[in-house]
Amino acid sequence: MRCLGLISLLLCSALLPACKVLGDDDSDLAGSWQVKAVRVQRSTQAIPAGERYIFDFAEDGTITTRSSGCNDCQGTYRVGYSGVLEISLACTRAGCDRLPELGAQLIGEQVYDVQGNRLYVWAKDGEHRSIELQRVAGP
């Protein structure tokens with residue numbers, strides 16, 4: 001029985017470095033991400049053709065945006081333990097595009113997951129809203 005416990009301990013120790021806690025490393029978040037869809041409650045709103053909303057996460061913890069309209073946002077982000085993403089963002093509100101609305105959905109504590117070239121961000125506070133983004137080439 002003692003041998004079985006030792007084998008289990010050695011096996012767990014060997015596999016532990018291969019495990020990644022969801023969102024525990026912000027290096028997978030750094031880069032440019034284009035909004036593909038927004039989900040509020042049970043409704044999915046695709047981004048219309050011709051509209052582009054890109055969020056640029058820099059490795060130094062700053063976030064800026066680019067859009068096909070005239071608004072922009074800038075601020076900071078911090079990655080916490082277990083996929084928690086905290087964003088502080090200020091946007092212009094010229095009324096020419098949806099960027100301020102999208103930026104407002106990202107403010108505060110969120111949960112995120114990077115799956116390949118997709119980034120999923122959803123509300124940590126239990127509200128039924130999420131944003132799906134796709135990695136794109138930088139500025």
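**Close-up 1. Q115 and R118 face each other across β7 and β8.** In this predicted model, Q115 stands opposite R118, a residue of strand β8. The two strands, β7 (residues 108–115) and β8, run antiparallel and are joined by 6 bridges. Together they make a hairpin, with 2 residues between the strands. One to look for in the turn is G116, which has a positive phi of about 65°. As for R118 itself, its relative accessibility is 23%, so it counts as partly exposed.

**Close-up 2. β8 carries on into a pairing with β9.** Here β8 meets β9, again in the antiparallel sense, and the pairing runs over 5 bridges. To get your bearings, find V121 and then look across to β9, where its bridge partner is I131. β8 covers residues 118–123, while β9 takes in residues 129–136.

**Close-up 3. E132 and R118 form a salt bridge between β8 and β9.** The closest N and O atoms of E132 and R118 sit 2.8 Å apart, and the pair forms a salt bridge. Since E132 belongs to β9 and R118 to β8, the contact ties together parts that are 14 residues apart in sequence. Buried or exposed: which is E132? With a relative accessibility of 11%, E132 counts as buried, because the cut-off for buried is under 20%. R118, at 23%, counts as partly exposed.

**Close-up 4. R39 joins E132 from the other end of a long sequence gap.** Which residue does R39 form a salt bridge with? The partner is E132, and their closest N and O atoms are 3.1 Å apart. This pair links distant parts of the chain: R39 lies in strand β1 (residues 31–40) and E132 in strand β9, 93 residues apart. R39 has a relative accessibility of 29% and counts as partly exposed. Put R118 back into the picture and you have a network of salt bridges linking R39, R118 and E132.

**Close-up 5. D56 and R66 pair up between β3 and β4.** Another of the model's 4 salt bridges is the one between D56 and R66, whose closest N and O atoms are 3.0 Å apart. D56 sits in strand β3 (residues 53–57) and R66 in strand β4 (residues 62–67), with 10 residues separating the two in sequence. How do the two ends compare for burial? D56 has a relative accessibility of 10%, so it counts as buried. R66 comes in at 28% and counts as partly exposed.

**Close-up 6. C73 and C91 make the disulfide.** How many disulfides does the model contain? The count is 1, and it is formed by C73 and C91, with their sulfur atoms 1.9 Å apart. The link is right-handed, with 105° about the S-S bond. C73 lies in strand β5 (residues 73–79) and C91 in strand β6 (residues 84–91), so the disulfide ties together parts that are 18 residues apart in sequence. On the C73 side, the relative accessible area is 3%, and the residue is buried. On the C91 side, the relative accessible area is 22%, and that cysteine is partly exposed; the value for C91 does not fall under 20%, which is why C91 does not count as buried.

Definitions and conventions:
Residues numbered from 1 in each chain as written. Predicted model: local features only at pLDDT ≥ 70, side-chain atom pairs only at ≥ 80, totals over all residues. Heavy atoms only, no water. Salt bridge = Lys/Arg side-chain N within 4 Å of Asp/Glu carboxyl O. Helix = DSSP H or I, 4+ residues; strand = E, 2+ residues; numbered from the N terminus. Buried < 20%, exposed > 50% of the residue type's maximum accessible area, 1.4 Å probe, protein only. Disulfide = S-S within 2.5 Å. Pairing = 2+ DSSP bridges.
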